[in-house]
Each structure stands twice: as C-alpha cells, then as structure tokens.
Amino acid sequence: MTSDIRIRMNGREQSFAADREVLVGRDPRRNDLLSDNPLVSRSHARLHAVDGGWAVTDLGSTHGTFANGERVDEFRVAGPVTLWLGPPGRGEMLQVDAADDRVRPPKRWAAFISYRRSDCAGYATLLHTALEQQFGVGHVFRDIDTLMPGTIYATRIQNAIGSCSVVIALIGREWAGRLPNGGRRIDDPSDMLRQEITAAFQHRVRVIPVLVQDAEMPPSEELPEPLRPLAERHALRIDDNGYAHQVPQLIEAIEQAVGRPETPAPPPVDEPAPPPSPAPPADRVAPAWWLLPVLFGLIGGVIAFFAVRRRERSLANWMLGAGVIQSLLLCALLRGGA
C-alpha cells in the first residue's frame, strides 16, 4: 500500500494522499503547488503513486527536473529526497518525503556537523564522538565518517541536511578559509561549507553556531548574503578548559530540537520467589502426658497413647513403649525384693 507524500516548498509543507497526483508549476489554473520562480515552467512536473511508492515525472519543462544532481525525466522517490525544478541552486527546491514499501527510507540524523577541515577538524572529531555517545552510533553526520567513496558530495549533503534536526556550525579562527591571494573561500558560492549552511537555511533546519579556538562570531556585514542569518543565531562556545561542561550544554540544545533519546528499559530481573509460608506449628504435647508412662507404667502409657496419637503418632508409640518398660522394671524390682 502506498503511503501519503509530504512536500515542502517555499517553507510550507503539505501532505497529499496516494489516490491523487500532484502537479507543480507556475500556472495557478493547472497546478496544486505553485512557484513564482521564472526557471519553473507553467506545467513543470507531476508526482504520482506507482507500484507501492511515488515517482516524479517531468512534463517537458524548459529547464528540467533534477534529482541527485542529474536531470531526469522520471525518478522514483524513496524516503526523504531533494528535487529541483530548474537548475539546482537556482530553480525551485522541493523537499519530498515519501515512504516506498520496497525501499527502507533513510534514517533521520540527529545532528549534522559542519566544519572546515583546515580550521577545526580535531574539535569535530571530539564532538562527533560525544554526540554519538548521547544519540547513538550512526545518528550524527560528519562527512569524513559518513560519505561513501564515489558519492556525489553536493547531493548527499543536501539530502543529509534536509533529513537532520540540527546543523552544528563549528566556527574557528580560520572558518572563512583564508586564500593565498588574500580572499576568502566562504565568498565563493561553490565553497562546500557555505553550501552546507545555505542548505540548512533553505531547509529551515535549526543552525547552532559553536565557537572554538577563541573565535568570535562573524558580524553580518562580513558574511555573504546567503549566510547572514547565521549572525542572528545565539552561539555556544567550546574550549579546551571548559569542554567537560560546555558539551552537555550543546547536547541539551540539540535535545530540544530532536527530543531526548529514549532510554531503554532495564531488563526484567527475576525476583526471588517469596519463601513458602511456614506451616502452622503443631500443637505441643502437654508435659503431663509425658509423666503418665513414667508414674503409672503400662496404664499411664496406654492413656497417653490414645490421647496423643492423633497429633503425634510416633510420640504416642514411644509413650506406650515407655509405659511397658516402666511396668516391666517395676515387676523386676518387686520380684528381686521378694
């Protein structure tokens, strides 16, 4: 059974049932989702259910439909994916989330660590380890650990950021990327760090700036236009001396966005069975019954036997025997005296 599809465009998310198709374009009379981007055709693309999942079909648009960085005529949608109507970065971006019954959808990342390797790779490694201990192995995205060889970097980063709850922007003293000619890498639109932060703003993902190496937050006027919203974010600071208590502050901020990880319930412990209830104590035999065989011999033993046998058969037999012995001894003494 095909599930519903969720489409986010221009900051607005809508859901559509599997029993209908979704048309996207600039013509308000024909389309369900409207775009005012001039690179989008009047009737640009169609999303429709197919074989237990969803697919997007280009409707002969002028500037094309793109998935995974490639222009496509039809593309199978499985899990969260970013589509572009028109050239990537300049056309209309659609963030589509559709579960394919045949394909396991990608996981949702708790956090994405954005950093420049020449700036603060060591802090990125430490932070990645700390966050995985909190949110689980495989739930924190860091390029050097997560990307497979041969992956199209820009496309994978776009999809990862669109599927994460928080982007952590590690900012050190060389975050802008100083070039030999005096320029800055951050001013180049193809700079990957710039693309990561820009994608986070496009996907409306929460961005948390984290200052390291005594770096200061760059003012808005020193940032490229797409990154200027970064200057409005409250920044956290991590340094060598305060690492132990500063990282928990960051974890708490991430938990506010992603939710606290569920703590697995402790395994059930087999409690020892309660000891069996002690049997009610047997009625004690009154001392007077013991004296009967001793004082009255066979007659006392017989009386004691019938009085005690229901409560303690073995004791009753002993009393009877004691009475018999007592009588025999008495007889022997009498004969000896005669």
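How many salt bridges does a search of the whole structure find? In this predicted model, the search of the whole structure returns 11 salt bridges, and a few of them, together with one buried acidic residue that has none, are worth following in turn.

One of these pairs joins R116 to D191, whose closest N and O atoms are 3.0 Å apart. Because R116 lies in the loop between β12 (109-114) and α1, while D191 lies in the loop between β14 (164-171) and α4 (192-202), the pair ties together parts that are 75 residues apart in sequence. Both R116 and D191 are buried.

R116 also enters the description of D119, a residue of helix α1 (residues 117-135). D119 is buried yet has no salt bridge, and the nearest side chain of opposite charge, that of R116, is 6.2 Å away; since a salt bridge requires the side-chain nitrogen to lie within 4 Å of a carboxyl oxygen, that distance does not qualify. A polar atom of the D119 side chain does, however, lie 2.8 Å from the backbone nitrogen of G172, and the residues that D119 touches include L170, I171, G172, R173, E174, W175 and Q213.

E174, one of the residues touched by D119, forms a salt bridge with R178, the closest N and O atoms being 3.2 Å apart. Here R178 counts as exposed because its relative accessibility is 63%, whereas E174, at 29%, counts as partly exposed. A further pair is formed by E225 and R228, with closest N and O atoms 3.1 Å apart; E225 is exposed, at a relative accessible area of 55%, and R228 is partly exposed, at 33%. Elsewhere, salt bridges link D27, R29, R30 and R42 in a network.

Note on methods. Residues numbered from 1 in each chain as written. Predicted model: local features only at pLDDT ≥ 70, side-chain atom pairs only at ≥ 80, totals over all residues. Heavy atoms only, no water. Helix = DSSP H or I, 4+ residues; strand = E, 2+ residues; numbered from the N terminus. Buried < 20%, exposed > 50% of the residue type's maximum accessible area, 1.4 Å probe, protein only. Lys, Arg positive; Asp, Glu negative; His and termini not counted. Polar contact = N/O pair within 3.5 Å; in protein donor to acceptor, adjacent residues only side chain to side chain. Contact = heavy atoms within 4.5 Å. Lists of a residue's contacts leave out its neighbours within four places in sequence.
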